[in-house]
Amino acid sequence: YGFINTCLKSLVVEKYGEETWEKLRLQAGVQDSFLTFEVYKDEITMQLVDKACKVLGVPADIVLREFGKYFFEFCKRSGYDHMLRTLGGNLYEFIENLDALHSYLSLSYQANIEVLVLFVFFPQEMNAPSFRVEKNEDGSMHLHYYSDRRGLCHIVPGIIGAAALDFFNIEISMKIVNQTEEEERTGKKEHIVFLVTQTPLFPCKERNEFSSSSQCLVDSEKQIENQLNKEDLEKAKNANGDRGNSVCPIKKSHWKTLRGIITLGKGKLLRGFDPVYPKSLWIDTKTFCNGLPFHIVFDKELKVKQAGVSIQKIVPGLQTMGICLDQYFRIVHPEVPFTISSIQKFINSQFVFQTRREMMPESWKERPMLELRGQMMWMESLQCMLYLCSPLLRTLHELEERQMHLADIAPHDVTRDLILLNQQRLAEMELSNQLERKKEELRILSKHLEEEKKKTEALLYAMLPQHVANQLKEGKRVEAGEFKECTILFSDVVTFTNICAQCEPIQIVLMLNSMYLRFDRLTTVHDVYKVETIGDAYMVVGGVPVPVPTHAERVANFALGMIMAAKGVQNPVSGNPIQIRVGIHTGPVLAGVVGEKMPRYCLFGDTVNIASRMESHGVPSKIHLSSSAYQCLKYKNFEITERGEIEVKGKGKMHTYFLIRNKSATENEIMGRP
């Protein structure tokens, strides 16, 4: 289920960071999020575990153990700690009732159940693991773990250890003492036997509570014990002998001690409880079979000795006493052979029986088979097994499918309430599923929206300076700004008019696109602002919109890069590299946003005109500098040659220069290559 994969993601993100999870999931080839109640393939979980081992460089058993510990905490945070705490008063009882918990969850949620703990690590229809626990005389336990899936057994110590520490204040060690494969009805199962040893802990908090308790409580207990005569005290100890031999004998608090003290005649106080049984059973056979309509008694040979009235009604063959039970039923859970020895082996597990279709009456041939769920009780004196059970029904629909009624179930049987309550629960679960799916859809849409927003912003920032674009997005008015000094560059293609006259339009577009892509990359390398392109003309500025003292050097290096880059663009007419002219001028400008429908960030002032004149009066494959640009560059480690005075249209005579190279930078540095 998605609950498992979500937990694994949470573990990686919490302990190793979001980047590690992203790397892990990409290597595993899985999505970023999982729906809680959605069933996913085993391969996804196994892939995530495998890649986690490789990415983190940790052995699989360590990863699985850590996952087990974290998964327990994850389940607690998800609101299941109360359900888990009620499984048993000690670790033995807790483990003993795990299969019963799984049985309840599968009954309650059917296909929508999220697998709560590792013990129920996979959906019911995918054969969940089983547990069987045995006490040893030294207080240790043997935990038997059965699973169709190999290699997951290391999760068990992680979860059991976390549960023992949290619920029972016990530290445990779990060691694999046997590992085999057993042939079951559904195929081979991995059978792992763990030796579980326990060490009680006494936290500082508990010790302080004991020490700070009223001393009279201790004295009170001593007085009570002194009042007991030796004979009664000995009886009390004997009565508690078996009960006190718990799997983990933890010292009881004074409150627990007092709670265990009861009054037995003549005002004397004794600890423990001894049940009282009547000399004969005060219930007749008919009342028993009617009061417990779903029960079966059978002997070692599986021969039926007794059956409840409702089960006789559904399976008429059971009215013939002495027939073999396995002719009419098969064991669905636990997956064991239908023998008395196998049943005794799993006596603490809940058993699910299913009727055999071929043995059912004709009216049942088209209905789903009836399943019974209950417990086995061995009656030593009779050498018979009692199966106390109820119909395994989840909803009213399942009840109707089998043409049964609530009246067929005993009034005291909580199955009645469970069916009615579960009808409402399933509706709530379906609503929860729908909400979760909508949430996931919204998350994906939000992610796509964010990606589209970034694309839109990138396009906007290509048209306008970022701070200007942000002001416009916020609905603010962008005031024109004056820049006292900046450096402007113009360039154009030599004989562009002749090239256009001799080529197809598409060839011109391809040539200009190839050239501008190279120039655009250089604007990023040298951090200059591209103002606009008109035909073959390319305009950039340094020091606008963000003033910088190195504006002239940046534009000069960009110009050198343009000359180099142009050599890689082919003239579609001659087949030779194109030639460009470049002009640079430094001076003041006014900059602002013009227009609303297609706003442009434009530069105004005589500096723009002079820079354009430097380009138009330039020489092919040369960088033409005005005197003001020269003054900014002459002490900046550039090689510059004097051109002299030239007549400039509209400006008269001007002293100009040619920029040759940067004496301190290599060609790769100019081009931004590594």
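In this predicted model, helix α22 (residues 606-616) has a clear buried set, made up of Thr607, Val608, Ile610, Ala611, Met614 and Glu615. These residues cover an arc of only 165° around the axis, so they sit on the same side of α22. The general background is simple: an α-helix has 3.6 residues a turn, so residues three or four places apart point the same way.

Stepping back to the whole chain, the protein has 24 helices and 20 strands. Of its 674 residues, 45% are buried. Among contacts with a separation of 6 or more, 62% come from residues 24 or more positions apart. The accessible surface comes to about 36,000 Å², and carbon and sulfur atoms account for 53% of that surface.

Next come the pockets. The second largest pocket has a volume of about 550 Å³. It is lined by 25 residues, and those closest to its centre are Gln350, Arg373, Gly374, Gln375 and Leu388. Four elements give two or more residues to this lining: α6 (98-109), β11 (371-379), β12 (384-391) and α17. The biggest share comes from β11, which puts in four residues. As for how such space is found in general, rolling a probe the size of a water molecule over the atoms shows where empty space is left.

Helix α17, one of the elements in that lining, spans residues 415-463 and includes Glu440. With a relative accessible area of 18%, Glu440 falls under the 20% cut-off and therefore counts as buried. The Glu440 side chain does have a polar partner, though: it makes a polar contact with the side chain of Arg443, at 2.9 Å.

The loop between β11 and β12, two more of the lining elements, holds Gln383. Gln383 is not a glycine, yet its phi is positive, at about 55°. Its relative accessible area is 29%, so Gln383 is classed as partly exposed. Asn169 is another residue other than glycine with a positive phi, near 55°. This residue is found in the loop between α7 (155-168) and β3 (170-184).

The backbone also has some cis peptide bonds worth a look. One runs from His333 to Pro334, with omega near -10°, and Pro334 lies in the loop between β9 (329-333) and α15 (340-345). Another links Val544 to Pro545, with omega near 0°. Pro545, too, is a loop residue, placed between β15 (537-542) and α21 (551-566). For context, most residues other than glycine have a negative phi, and most peptide bonds are trans.

Finally, there is Thr533, a residue of strand β14 (residues 529-534). Its relative accessibility is 31%, so Thr533 counts as partly exposed. Leaving aside residues up to four places away in sequence, Thr533 touches Tyr516 and Tyr538. Phe490 is 43 residues from Thr533 along the chain, and the C-alpha atoms of the two are separated by 9.5 Å.

Methods. Residues are numbered from 1 along each chain as its sequence is written. This is a predicted model: local features need pLDDT of at least 70, side-chain atom pairs count only at pLDDT 80 or more; totals for chains, interfaces and linings use all residues. Side-chain values use heavy atoms; hydrogens and water are left out. Buried means under 20% relative accessible area, exposed over 50%, partly exposed in between (1.4 Å probe, protein chains only). A polar contact is a pair of N or O atoms within 3.5 Å; within protein, one must be able to donate a hydrogen and the other to accept it, and residues adjacent in sequence count only if both atoms are side-chain atoms. The arc is that of the directions from the helix axis to the C-beta atoms. Contact means heavy atoms within 4.5 Å. Accessible areas come from the Shrake-Rupley method with a 1.4 Å probe; for residues, only the protein chains shown count as cover. On a 1 Å grid over the protein atoms alone, a cavity is a set of points where a 1.4 Å probe fits but cannot get out, and a pocket is an open set with protein on both sides within 12 Å along at least five of seven lines; lining residues have an atom within 4 Å of a point. Grid points are joined across faces, edges and corners, and a volume is the space filled by probe spheres set on the points.
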